[in-house]
Number of protein chains: 2
Amino acid sequence: MKIINAITALSALAQETRLEIFGLLVQVGAEGLPAGQIGERFGLPFPTLSFHLSHLKRSGLIDCRREGRSLIYSANYKNMNKLMTYLTENCCQENPAGCDLPAVCESK
Amino acid sequence: MKIINAITALSALAQETRLEIFGLLVQVGAEGLPAGQIGERFGLPFPTLSFHLSHLKRSGLIDCRREGRSLIYSANYKNMNKLMTYLTENCCQENPAGCDLPAVCESK
DNA sequence: TTCATATTTCCAGAATTATATAAATAACGT
DNA sequence: ACGTTATTTATATAATTCTGGAAATATGAA
């Protein structure tokens, strides 16, 4: 993953509405939810919702498929995982023992 | 971790200069680096550097200690880890098998 | 082909964030 | 105390991002 993609993903998540939407979609799983239900859940006007969904979509953190009149959004776990990996890459090369990122660094 | 703290941390990382600074500090380890050396590395004017360091500091992702005239900045692995945990919490409860976040979810 | 539903795009104003010059603060050596 | 080094704070401008009303697009139903 390139730094520019990491920044895009991080800034997609660095906003309350989007982080909440993403959290919801992560919990919901691959099935996803139609845009309308997401907006309803958080009381968002349509253009605001659409702005945030397209931001998340552009970042690759969520996917979108059409089902009839609805657009169904769902978390993209693969890209989320790439972001996680990027953030812990090259971690604490000087001193792995002093590092506190268990998932990635305790295996070093 | 509360959502507000996650957002603060994510927005600290969602900017090229800060993500580069953080990446450097993560690699350097607990020893850290003086502000001056960080600024030199990226060719940043002092106020710009200071703005970004204080942003990262405020987020908890880096720490700062004084050594003589220098302020030494270093990665805070503990808080980085909390952010990672927050992002994968409650992941794919519907269908763990379909989830692609190995570090966190394959153990479910 | 007209109507209703679902959602997006266009747009403009509001809010936030980033940048860098100049001035201030902090610590050390003389 | 004074000068030097290291860094921050104050401040202003520039750039980016967020918000929501109005209009546009896409799909399906009658």
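This briefing describes the protein surfaces beside two DNA strands, one sheet of chain B, and the residue A:R65. The model is predicted. DNA strand C is surrounded by 21 residues, and 21 residues likewise surround DNA strand D. Both protein chains contribute to the surface near DNA strand C, and both contribute to the surface near DNA strand D.

**Surroundings of DNA strand C**

- The closest residues to DNA strand C are A:G36, A:Y73, B:R18, B:P47 and B:H52.
- Sugar or phosphate accounts for 63% of the atoms of DNA strand C within 4 Å of the protein, and bases account for the rest.
- Chain A supplies at least two residues of this surface from each of α3 (35-42), α4 (46-59) and β3 (70-75), and α4 (46-59) of chain B also supplies at least two.
- The element that gives the most to the surface near DNA strand C is α4(B), with five residues.
- By class, the surface near DNA strand C holds nine nonpolar, eight polar and four charged residues.

**Phosphate contacts of DNA strand C**

- A polar backbone atom of A:G36 is 2.7 Å from a phosphate oxygen of DNA strand C.
- The backbone of A:L71 also has a polar atom 3.3 Å from a phosphate oxygen of this strand.
- From chain B, a polar side-chain atom of B:H52 lies 2.4 Å from a phosphate oxygen of DNA strand C.

**Surroundings of DNA strand D**

- For DNA strand D, the closest residues are A:R18, A:H52, A:R69, B:G36 and B:Y73.
- Of the atoms of DNA strand D within 4 Å of the protein, 66% are part of sugar or phosphate, while the rest are part of bases.
- At least two residues of the surface near DNA strand D come from each of α4 of chain A and α3 (35-42), α4 and β3 of chain B.
- With five residues, α4(A) provides the largest share of the surface near DNA strand D.
- This surface comprises nine nonpolar, eight polar and four charged residues.

**Phosphate contacts of DNA strand D**

- The side chain of A:R18 places a polar atom 2.9 Å from a phosphate oxygen of DNA strand D.
- In chain B, a backbone N or O atom of B:G36 lies 2.7 Å from a phosphate oxygen of DNA strand D.
- A polar side-chain atom of B:S50 is 2.9 Å from a phosphate oxygen of this strand.

**The sheet of chain B**

- Chain B has an open, antiparallel sheet of three strands, ordered β1-β3-β2.
- Its edge strands are β1 (33-34) and β2 (62-67), each of which pairs on one side only.
- The antiparallel strands β2(B) and β3 (residues 70-75) of chain B are joined by six bridges.
- B:R66 has B:L71 in β3(B) as its bridge partner.
- The helix α4(B) packs on the sheet and touches β2 and β3 of chain B, its direction making about 115 degrees with that of β2(B).

**Residue A:R65**

- A:R65 belongs to strand β2 (residues 62-67) of chain A.
- With a relative accessible area of 33%, A:R65 is partly exposed, because this value falls between the limits of 20% for buried and 50% for exposed.
- Beyond four places away in sequence, A:R65 touches A:A30, A:E31, A:S70, A:L71, A:I72 and A:S74.
- The side chains of A:R65 and A:E67 are joined by a polar contact of 3.0 Å.
- A:R65 and A:G32 are separated by 33 residues in sequence and by 9.3 Å in space, C-alpha to C-alpha.

Note on methods. Residues numbered from 1 in each chain as written. Chains lettered and ligands numbered in written order. Predicted model: local features only at pLDDT ≥ 70, side-chain atom pairs only at ≥ 80, totals over all residues. Heavy atoms only, no water. Near = heavy atom within 4 Å. Polar contact = N/O pair within 3.5 Å; in protein donor to acceptor, adjacent residues only side chain to side chain. Helix = DSSP H or I, 4+ residues; strand = E, 2+ residues; numbered from the N terminus. Nonpolar A, V, L, I, M, F, W, Y, C, P; charged D, E, K, R; others polar. Pairing = 2+ DSSP bridges. Contact = heavy atoms within 4.5 Å. Axes fitted to C-alpha atoms, helices over the stretch in contact; angles between N-to-C directions. Buried < 20%, exposed > 50% of the residue type's maximum accessible area, 1.4 Å probe, protein only.
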